[in-house]
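The following exercises concern the annotated site and the helix packing of one protein. Each task is followed by a worked solution.

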Amino acid sequence: MLSRAVCGTGRQLAPALGYLGSRQKHSLPDLPYDYGALEPHINAQIMQLHHSKHHAAYVNNLNVTEEKYQEALAKGDVTAQIALQPALKFNGGGHINHSIFWTNLSPNGGGEPKGELLEAIKRDFGSFEKFKEKLTAASVGVQGSGWGWLGFNKERGQLQIAACPNQDPLQGTTGLIPLLGIDVWEHAYYLQYKNVRPDYLKAIWNVINWENVTERYMACKK
């Protein structure tokens, strides 16, 4: 179950990116709720297209790319291996990011987190409202396509906000462990919110699954 893959998700989903000898193909994870469960905040049409088309495409392309990479490894073709790196990063990141995103959302979400996560947010950002404003601003500010993230800096023991372009995975590119990701690619909201990204970001807070985010945080503190 995806909700159990809470800490270091990139390491769990992408071992084949570094070890391709006996890999298993990646598969599209099931959503833990119906496509229409997040309405009215995110409508069913968006969720169906986002999951069954966009995420599925990342999974399929990742499998194809890994097969080519395995062939290049077997041949000792370093040039081909290097040429495949962007596709591995893009499609592997797309798979990792969306697998986190679906579990970060819930029809029973919204409100504020509780317990240690809320205390950590207050410690590192001043208040929950300030945290919410900062993550929203970081997500609004992504130029083009990308993600806004709440991550955990294990070395410092602190929460941090970051933005990543395209499908760059948070942990693989910044070292931060992903706790909460907000997809700001247009395919995540355009059918409902058109080009008004701030409206989508205002709505998504109503379906944030704080239980999942807290579970990820507690696992990473161990």
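**Exercise 1.** State which residues UniProt lists under "binding site", and determine how they lie in space.

Solution. The UniProt record lists His-50, His-98, Asp-183 and His-187 (positions in the numbering used here, feature names shortened, annotations possibly inferred rather than shown by experiment). Although these residues are spread over 138 residues of sequence, they cluster in space, with a largest C-alpha distance of 12.4 Å.

The model is predicted: local features need pLDDT of at least 70, side-chain atom pairs count only at pLDDT 80 or more, and totals for chains, interfaces and linings use all residues. Residues are numbered from 1 along each chain as its sequence is written, and side-chain values use heavy atoms, with hydrogens and water left out.

**Exercise 2.** Is Asp-183 buried or exposed, and which residues does Asp-183 touch?

Solution. Asp-183 lies in strand 3, residues 177-183 (strands are DSSP runs of E, at least two residues; helices are runs of H or I, at least four; both are numbered from the N terminus). Its relative accessibility is 0%, so Asp-183 counts as buried (under 20% relative accessible area, 1.4 Å probe, protein chains only; exposed is over 50%, partly exposed in between). Beyond four places in sequence, its contacts (heavy atoms within 4.5 Å) include His-50, His-98 and Trp-147.

**Exercise 3.** Where is His-50 placed, and which listed site residues does His-50 contact?

Solution. His-50 belongs to helix 2 and is buried, at 1% relative accessible area. Leaving aside neighbours within four places in sequence, its contacts include His-98, Asp-183 and His-187.
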